Amino acid sequence: MGKIFNFPDDTLHAYLKSKADVALRDTLVGQAIPVVEQTASLIVIRGKMWLPQHVDEDELVSEGLAQLTFIVEEFDPPFRDNLSNAFYVHVRTRTHWRLIDYVRSERLQSRTTIDHALQFKVAFKALENETGYAPTIGEIAERLAISPLIAEEWRVLAIELDVRNTSID
């Protein structure tokens with residue numbers, strides 16, 4: 001697999017020798033902006049099932065750019081070979097996890113709550129596809145092996161979270 005981004009090794013070596021050089025740091029930050037944009041885009045594409053509806057790609061890019069200087073300052077690979085790839089992996093990985101942490105901090109519901117809402121949505125859509133009509137709470141409860149009361153709670157959660165940005169009413 002070839003390099004996706006090519007960061008100049010001489011700039012990376014110079015930065016690692018003198019991390020106090022703000023101009024070099026800022027050069028690397030500028031060169032890493034496309035990595036942040038790509039990472040935010042991938043999170044949005046892959047996160048359609050779990051991203052809160054109010055979080056969009058522009059917001060993630062903005063948060064990633066706000067973190068980018070810190071991410072570049074943290075770059076300190078154990079080896080000095082192939083710095084371009086090491087820098088790309090560092091920026092990509094750190095940006096990814098900082099954006100995931102940001103999304104988690106923005107979300108008010110727990111992972112379990114979101115999982116229940118997703119299970120309800122999946123069961124609803126599966127039954128709807130199988131039967132050709134909107135299933136009842138009882139049918140969904142039976143499919144999920146839960147009580148109708150719990151299924152109703154999960155339905156409300158699914159509506160509140162709008163986990164797949166589709167209507168279930």
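Helices here are DSSP runs of H or I with at least four residues, numbered from the N terminus. Keep in mind that this is a predicted model.

**Exercise 1. Get the overall layout: how many helices and strands does the protein have?**

Start with the count: there are 7 helices and 0 strands. Reading along the sequence then gives the pattern α-α-α-α-α-α-α. Next, look at burial: of the 169 residues, 37% are buried. Now turn to contacts between residues at least 6 apart in sequence: 65% of these join residues at least 24 apart. Finish with the surface, which comes to about 9,500 Å², with 54% of that belonging to carbon and sulfur atoms.

**Exercise 2. Place Arg25 and decide: is Arg25 buried or exposed?**

First, find Arg25 on the chain: it sits in helix α2, which spans residues 22–46. Second, check its relative accessible area, which is 16%. The cut-off for buried is under 20%, so Arg25 counts as buried. Third, list its neighbours, skipping residues up to four places away in sequence: Arg25 touches Tyr15, Thr69, Val72 and Glu73. Last, pick out the polar partner: the side chains of Arg25 and Glu73 make a polar contact at 2.9 Å.

**Exercise 3. Work out which residues of α7 are buried, and where they sit around the axis.**

Begin with the helix itself. Helix α7 covers residues 148–161, so to speak 14 residues, and reaches 20 Å from first C-alpha to last, close to the 20 Å expected at 1.5 Å a residue. Now pull out the buried set: Ala151, Trp154, Leu157, Ala158 and Leu161. These cover an arc of only 115° around the axis, so they lie on the same side of α7. The spacing rule helps here: an α-helix has 3.6 residues a turn, so residues three or four places apart point the same way. Then flip to the other side of α7, where Leu149 and Glu160 are exposed. Finally, ask what covers the buried residues of α7: the cover includes α5 (111–131) and α6 (137–144).

**Exercise 4. Look at two positive phi values: in which loops are Asn82 and Ala145?**

Take Asn82 to begin with. Its phi is positive, about 50°, although Asn82 is not a glycine. Asn82 is in the loop between α3 (57–73) and α4 (83–106), and at 43% relative accessible area it is partly exposed.

Now do Ala145. This residue is not a glycine either, and its phi is positive, near 60°. Ala145 lies in the loop between α6 and α7. With a relative accessibility of 71%, Ala145 counts as exposed, the cut-off being over 50%.

Terms used
Residues are numbered from 1 along each chain as its sequence is written. This is a predicted model: local features need pLDDT of at least 70, side-chain atom pairs count only at pLDDT 80 or more; totals for chains, interfaces and linings use all residues. Side-chain values use heavy atoms; hydrogens and water are left out. Buried means under 20% relative accessible area, exposed over 50%, partly exposed in between (1.4 Å probe, protein chains only). A polar contact is a pair of N or O atoms within 3.5 Å; within protein, one must be able to donate a hydrogen and the other to accept it, and residues adjacent in sequence count only if both atoms are side-chain atoms. Contact means heavy atoms within 4.5 Å. Accessible areas come from the Shrake-Rupley method with a 1.4 Å probe; for residues, only the protein chains shown count as cover. The expected span of a helix is 1.5 Å times one less than its number of residues. The arc is that of the directions from the helix axis to the C-beta atoms.
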